[in-house]
Amino acid sequence: MGTEWKITSDRPIYLQLTEQIVQRIVSGQYPTASRLPSVRELAVEAGVNPNTMQRAFAELEREGLVTTNRTAGRIVTEDKEMIENIRGQLAAQKIEEFLEGMQLLGFTGPQAAKLLTQYAQLHPSLEETKSEELPENKTSADKMEGAL
């Protein structure tokens, strides 16, 4: 699929797989209502046991992001609002981690935001991504605003 699987030994593998599949869903690599590759295909691609990948899929089904259709395999949810909410939550987590790290370096929120803006302007590869509006997820938007 083009995206590398990153597996570390610090946490359960199925959780890492789940997180990476979620990231692929919210980024649009696996679009809403699309068929996901089979457990075996993804297990081979990630270099893990199919049972481990199956456990990751079971977690995604439990969360409602994926459904199983007997004839079509596993399908990404059609619930775009759910996907955008998760995307907003993940963004808020990343921003929180960034701000905590910058605080440890002695930067204030506005200073960190200024540095981030400058960095983004110097990296044209960031311009190539989708230029969509930010998700209207109140909780994550409030968290982001409060953090700065």
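**Packing around Leu65 and helix H3**

In this predicted model, Leu65 makes contact, beyond its neighbours within four places in sequence, with Val22, Ile25, Leu60, Ile75, Val76, Thr77, Met82, Ile83 and Ile86. Leu65 also belongs to the largest nonpolar core, a set of 22 residues in which Leu65, together with Ile25 and Met53, touches the most other members. Two or more residues of this core come from each of helix H1 (13-26), helix H2 (39-46), helix H3 (50-63) and helix H4 (80-104), and among the contributors H1 gives the most, with five residues. In soluble globular proteins, nonpolar side chains tend to be buried together.

Helix H3 was examined in further detail. This helix comprises 14 residues and extends 20 Å from its first C-alpha to its last, which is close to the 20 Å expected at 1.5 Å a residue. Within H3, the buried residues are Met53, Ala56, Phe57, Glu59 and Leu60; viewed down the helix axis, the buried residues of H3 fall within an arc of 155°, and they therefore line one face of the helix. Asn51 and Arg62, by contrast, are exposed and are carried on the face of H3 turned away from its buried side. The cover over the buried residues of H3 includes H1 and H2, as well as strand E1 (66-69) and strand E2 (73-76), so named by their order from the N terminus.

Both ends of H3 show local features of the backbone or its surroundings. At the N-terminal end, H3 is capped by Asn49, of which a side-chain oxygen lies 2.7 Å from the backbone nitrogen of Asn51, a residue that is itself exposed on the face turned away from the buried side. Just after H3, Gly64 adopts a positive phi of about 90°.

At the level of the whole chain, six helices and two strands are present, and these follow, when read along the sequence, the pattern α-α-α-β-β-α-α-α. Of the 148 residues in the chain, 29% are buried. When contacts between residues at least 6 apart in sequence are considered, 53% of them join residues at least 24 apart. The area exposed by the chain amounts to about 10,300 Å², of which carbon and sulfur atoms supply 53%.

Definitions and conventions: Residues are numbered from 1 along each chain as its sequence is written. This is a predicted model: local features need pLDDT of at least 70, side-chain atom pairs count only at pLDDT 80 or more; totals for chains, interfaces and linings use all residues. Side-chain values use heavy atoms; hydrogens and water are left out. A nonpolar core is a set of buried Ala, Val, Leu, Ile, Met, Phe, Trp, Tyr and Cys residues joined through side-chain atoms within 4.5 Å. Buried means under 20% relative accessible area, exposed over 50%, partly exposed in between (1.4 Å probe, protein chains only). Helices (H or I, at least four residues) and strands (E, at least two) are DSSP runs, numbered from the N terminus. Contact means heavy atoms within 4.5 Å. The expected span of a helix is 1.5 Å times one less than its number of residues. The arc is that of the directions from the helix axis to the C-beta atoms. A polar contact is a pair of N or O atoms within 3.5 Å; within protein, one must be able to donate a hydrogen and the other to accept it, and residues adjacent in sequence count only if both atoms are side-chain atoms. Accessible areas come from the Shrake-Rupley method with a 1.4 Å probe; for residues, only the protein chains shown count as cover.
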